[in-house]
Amino acid sequence: MAGGEDAGFGGCSGQGQKGTSNLERRKLMRRISIVAIVTVAALVLIAAIGQAADEWRFVVMGDNRPPGGVADPTVQPDTFLENIREVNLLGADLVVIVGDLVLGPQPEEIMPALWDGYDKAIAGFEMPVYSVAGNHDIWDAVSERIYQERVKPLWYSFDHKGSHFIVLDSEDQSDNRAHFEKIEGAQIEWLKADLAKSKGAEHTFVFMHKPLWTFDYGGTQWMEEVHPLLAAHEVDAVFCGHVHIYEKNPTIDGVRYIITGGAGAEIGDWKEEGSFHHFVIVRVKPDTVRLTVVQTGAIYAEDIVTTESVAAFRESRLTARQCVPRVVLHRPASFPAEVTESLHIVNRTDKAMDITVSLSDPTDRWGCAPIKRKAHLKPGRGFDLPFTLSAASSDEWAYPTPEVSVMIRFADGRKFSTKKGIVLRESYTCPRASIIKLDGDLSDWKGVPAIVLDNRLQLGRKDFRKSWRGPDDLSARVMLQWAPEALYFAAEVTDDVFLQTRKPSRMWQNDCVQIAFDGKNDDTEEYGEDDSEYGLGLIGGESMVHTYFWPYAAGRKGTPKLTCAIRRSKDGKHVFYEATVPWDDVGVSEPGAGTVFGFNVIVNDSDTGDRRGWIGWTPGVGESKAPYYFGDVTLAE
Ligand SMILES: [Ca+2]
Ligand SMILES: [Ca+2]
Ligand SMILES: [Ca+2]
Ligand SMILES: [Ca+2]
């Protein structure tokens, strides 16, 4: 058997007259093989050492036929096509399909189209396919004849890599179905002869359609007459289909019995009872045969995800997100205030979508009724969702804000979900600078309007809100001034305990200030090429700047040039930060009166060791980096 697989279909020893001629041919081939083995014995021996440990594999699946009641029975099911794709990806030497290959019974004139459909599908396998007849393939003398003409002999055998494969016919129509669901008569005589002459096979595998060993089919004939024969010849395994499940039945006298009928026909969804689409990989080594069951749908090619596909997906995700505009509210002129706004939902993609939008207030502070709306939107179509927010005081006009949750689903299965907080757009008018000396002395900032950070609702982190002891624990006044050459920044921080012992890159874990700029004020949901973020900290008595975000790719040259001076008050309760930020570091190329850019600031506090939290102008630095929360800074005349 060292010669390996017989050459294709012609090498099969079938039943009846064909079998006789094949038998003769087989004997002849054996003789040739023996001569060949002697001649190249040395070479084979060398090769055999390398091959001995080699594993090879074949695949078994069954009942690939279309489910009953399909509109077009000539079309093979998607599950079967998917199995073919996955088997090709995993690789195997050959495939055996254990019957119910097509959806019969059908009138004789329909059958050629059914077999054409099957042939078309299995042409997709990258390895030889061996078919087994099932009850949907043959049910009378006519269908049996067509099967033999179109597919395979009803029973046959072949060899591969020293193992022997035997295909049996559980649907025997001969003698007026006298041997139906039995292996009797001519077939068992052929089987006995085939087993006798394949005695030296490394492994022997048997395939048929119905699980004749279960007594539900053909009574006890299998266990009384066939099984002892297989056991005596040390058959490794018998595979069948017919039942649309996977099930490993008890091994009897060393013969494994396996049902695999999940390659395409109708199936339940009870994995625990074997009811799921699948195929079986049989891994063969000289001393072992191991089975692996693969559930259809989880084998992928290497290009399932690529850099390009990720970029395309991101693009469509961003487009989908744009269907839900950001809601930006400006601080009302007076309080108490009630603001009515509307979410304008528009399908900005080129595909129809199912969208679910909901608005909820996690704080119950805004007096905002929860909203939920589902809709199917064609491209360009949309709807409005009005809502009302109320705030009792200016201090109450603060984050967190009600949240808009969106789930978008496209017909092709792609889905996107996103959450957007309602933005409370803060604004600051930045005066022109007088002469500023960068020394940490803020006497040159007299009269400059301040962004005041002293409200519990401005604190970042829930637990910090609980432990915060008031403005003396942490609060700040932040100011900006501008000149053609730079933006100037100052912060007067009140903090009862000063602590800064970290290295510059970790300064955020102790007392320090973080400032961030959205140069183009384009309000992106992540940092982009016009955005930057810096830390200012007094470390070991030295005024240090650390760059947390700086877009090197944006055509900016060199490194940030901003400088700072930081000084502590004599009583130790205040820290004064002063910084000069060149416009390049702000991300503004031509500053002038009326220029608007995005800005944010947070002040971190630690009093005993680690960072407790921060107080800040808006979200978007401490929580996650999101410039669209940043406030607007407008340069004054
Ligand atoms: Ca100064
Ligand atoms: Ca403190
Ligand atoms: Ca930006
Ligand atoms: Ca502190």
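Biologist: What is the relative accessibility of Arg 331, and how does Arg 331 count?

Modeller: Relative accessible area sorts residues into buried (under 20%), exposed (over 50%) and partly exposed (in between), using a 1.4 Å probe and protein chains only. Arg 331 has 33% relative accessibility and so counts as partly exposed. The model is predicted, so local features need pLDDT of at least 70 and side-chain atom pairs pLDDT 80 or more, while totals for chains, interfaces and linings use all residues. Residues are numbered from 1 along each chain as its sequence is written, chains are lettered from A and ligands numbered from 1 in the order written, and side-chain values use heavy atoms, without hydrogens and water.

Biologist: Is Glu 426 buried or exposed?

Modeller: Glu 426 is buried, because its relative accessibility is 12%.

Biologist: Which residue forms a salt bridge with Glu 426?

Modeller: A salt bridge is a side-chain nitrogen of Lys or Arg within 4 Å of a carboxyl oxygen of Asp or Glu. Glu 426 pairs in this way with Arg 331, and the closest N and O atoms are 2.9 Å apart. This pair links distant parts of the chain, 95 residues apart: Glu 426 sits in the loop between strands S19 (423-425) and S20 (427-430), and Arg 331 in the loop between strands S12 (328-330) and S13 (337-346). Those labels come from DSSP runs, numbered from the N terminus: helices are H or I of at least four residues, strands E of at least two.

Biologist: How many salt bridges does the rule give?

Modeller: The count comes to 31. Another of them joins Glu 492 to Arg 477, with the closest N and O atoms 3.7 Å apart. Here too distant parts of the chain are linked, as Glu 492 belongs to strand S24 (residues 486-495) and Arg 477 to strand S23 (residues 474-483), 15 residues apart. Glu 492 has a relative accessible area of 24% and is therefore partly exposed, and Arg 477, at 34%, is partly exposed.

Biologist: How far along helix H7 are Glu 189 and Lys 192 from each other?

Modeller: They are three residues apart in H7 (residues 185-197), which means about one helical turn separates them. Their side chains meet in a salt bridge, 3.8 Å from N to O. Glu 189 is partly exposed at 47% relative accessibility, and Lys 192 is partly exposed at 38%.

Biologist: Which residues are linked in a network of salt bridges?

Modeller: The network consists of Arg 469, Asp 473, Asp 496, Asp 605, Asp 607 and Arg 612. Asp 605 and Asp 607 are both buried.

Biologist: Which residues coordinate the calcium ion (ligand 4)?

Modeller: Donors are N, O and S atoms within 2.8 Å of a metal, or 3.2 Å for Na, K and Ca; water is not among the atoms, so sites may look incomplete. For the calcium ion (ligand 4), Asp 495 and Asp 511 each appear twice through OD atoms, Asp 605 and Asp 607 each give an OD, and Val 497 and Ser 606 each give an O. The distances run from 2.2 to 2.8 Å. Asp 605 and Asp 607, met in the salt-bridge network, are thus among the donor residues here.

Biologist: How are the donor residues of the calcium ion (ligand 4) spaced in sequence?

Modeller: The spacing is D-x1-V-x13-D-x93-D-S-D.

Biologist: Which residue coordinates both the calcium ion (ligand 4) and the calcium ion (ligand 2)?

Modeller: Asp 495 coordinates both, and the two ions are 3.7 Å apart.
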